[in-house]
Amino acid sequence: MKLFKTTLFAASLLMAGYASAHTDAFLDTQPSPHGGQVRMTDSYHFELVVKDKDLTVYVMDHGNGAVASGGMTGTATVLSGDAKVEVKLEPTTDNILKGTGDFKTADDMKVVVSIAPAPQTARFTPFQKAEAEPAAAETPATAAPAGHDMSTMDMGKKDMPATDATKK
Ligand SMILES: [Cu+2]
């Protein structure tokens with residue numbers, strides 16, 4: 001009986017955590033600011049928009065507020081069909097990094113975005129939503145943490161101006 005209670009308690013903790021954390025699956029249930037797919041790293045949310053041969057990455061905080069992209073650079077590895085294409089991402093304006101590459105868009109394409117400094121890597125499946133209950137065994141060991149507690153999100157940051165070039 002004691003064991004049963006402990007298990008139940010652990011399960012309820014897990015469910016509470018799942019409901020409040022924004023995992024890939026949770027993020028895919030939310031409207032994204034620019035119609036792309038949102039993934040999170042330790043420090044940021046990245047939103048990836050794929051259009052033809054153009055990749056646009058929006059850098060945001062955990063409340064989807066804009067974070068200036070000046071000084072950042074990045075690489076996107078696009079896996080589509082049998083091809084693997086590296087795309088260099090350069091900051092343009094506001095919170096945007098952009099790049100163009102000779103890849104073909106496909107429903108099952110994967111894009112791994114890595115932004116420096118302080119390397120932040122996020123994995124996207126731009127045209128597929130994450131499974132609601134991903135099997136733990138299928139999560140690559142190198143993937144970003146599965147989620148984090150949204151209760152620690154500072155929603156006040158949404159009031160920040162979209163362009164704050166002076167912010168360090
Ligand atoms: Cu977040």
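Okay, let's start in a loop: proline 117 sits between β7 and β8. What joins alanine 116 and proline 117? A cis peptide bond, with omega at about 0 degrees. Right beside that spot there's another oddity, in alanine 118, which lies in the loop between β7 and β8 too. Alanine 118 has a positive phi of about 50 degrees, although it is not a glycine. Is alanine 118 buried or exposed? With 10 other C-beta atoms within 10 Å, alanine 118 is exposed, because the cut-off for exposed is 12 or fewer.

Before I go on, please keep in mind that this is a predicted model. Let me come back to confidence at the end.

So, the big picture. The protein chain has 2 helices and 8 strands. Read along the sequence, the pattern goes α-α-β-β-β-β-β-β-β-β. How do the strands line up? They make an open sheet of 8 strands, in the order β1-β2-β3-β6-β5-β4-β7-β8, and the pairing is antiparallel. At the edges you find β1, residues 37-40, and β8, residues 120-124, each of which pairs on one side only. Neighbouring strands in the sheet are turned against each other by 20 degrees on average, ignoring direction.

Let's walk across the sheet, starting from β1. Between β1 and β2 there are 4 bridges, and the two strands run antiparallel. A hairpin of 4 residues links β1 to β2, and methionine 40 has histidine 45 in β2 as its bridge partner. Now, which residues of β1 are buried on its two faces? Gln37 and Arg39 on one side, Val38 and Met40 on the other, so both faces of this edge strand are covered, buried meaning 20 or more other C-beta atoms within 10 Å.

Next, jump to the β5 neighbourhood. β4 and β5 run antiparallel and are joined by 7 bridges; one example to click on is threonine 75, whose bridge partner in β5 is lysine 88. The hairpin of β4 and β5 has 2 residues between the strands, and there glycine 81 takes a positive phi near 60 degrees.

On its other pairing, β5 meets β6, residues 96-100, through 2 bridges, again antiparallel. Here proline 91 stands opposite leucine 97 in β6. The hairpin of β5 and β6 has 4 residues between the strands, and aspartate 94 lies in that loop. Like alanine 118, aspartate 94 is a residue other than glycine with a positive phi, near 50 degrees. How many C-beta neighbours does aspartate 94 have inside 10 Å? It has 16, so aspartate 94 counts as partly exposed.

That brings us back to where we came in. β7, residues 110-116, and β8 run antiparallel with 5 bridges between them. Look for serine 114 and you'll find threonine 121 as its bridge partner in β8.

Now for the inside. The largest nonpolar core has 25 residues, and those with the most contacts inside it are Phe46, Leu48, Leu55, Val57, Val59, Ala76 and Val113. Who supplies them? β2, β3, β4, β5, β7 and β8 each give at least two residues to this core, and the largest share, 5 residues, comes from β3. Take phenylalanine 46 as a case: leaving out residues up to four places away in sequence, it touches Arg39, Thr41, Val57, Tyr58, Val59, Val113 and Ala122. Over the protein chain, 23% of the 168 residues are buried. And of the contacts with a separation of 6 or more, 54% are between residues 24 or more positions apart.

Last thing, confidence. The protein chain averages a pLDDT of 79, and 66% of the residues score at least 70. Which stretches should you be careful with? Over residues 8-20, pLDDT stays under 50, and the model has 3 contacts there beyond four places in sequence. Residues 151-168 are also below 50, with 19 contacts in the model beyond near neighbours in sequence. Where pLDDT is low, the predicted coordinates should not be read in detail. So when you open the structure, begin with the strands, and then go and find that cis peptide bond between alanine 116 and proline 117.

Note on methods: Residues are numbered from 1 along each chain as its sequence is written. This is a predicted model: local features need pLDDT of at least 70, side-chain atom pairs count only at pLDDT 80 or more; totals for chains, interfaces and linings use all residues. Two strands pair if DSSP finds at least two bridges between them. Axes are lines fitted to C-alpha atoms, for helices over the stretch in contact, and angles run from 0 to 180 degrees between N-to-C directions. Two residues are in contact if their C-beta atoms, placed from the backbone, lie within 7 Å. A nonpolar core is a set of buried Ala, Val, Leu, Ile, Met, Phe, Trp, Tyr and Cys residues joined through C-beta atoms within 7 Å. pLDDT is the predictor's confidence in each residue, from 0 to 100.
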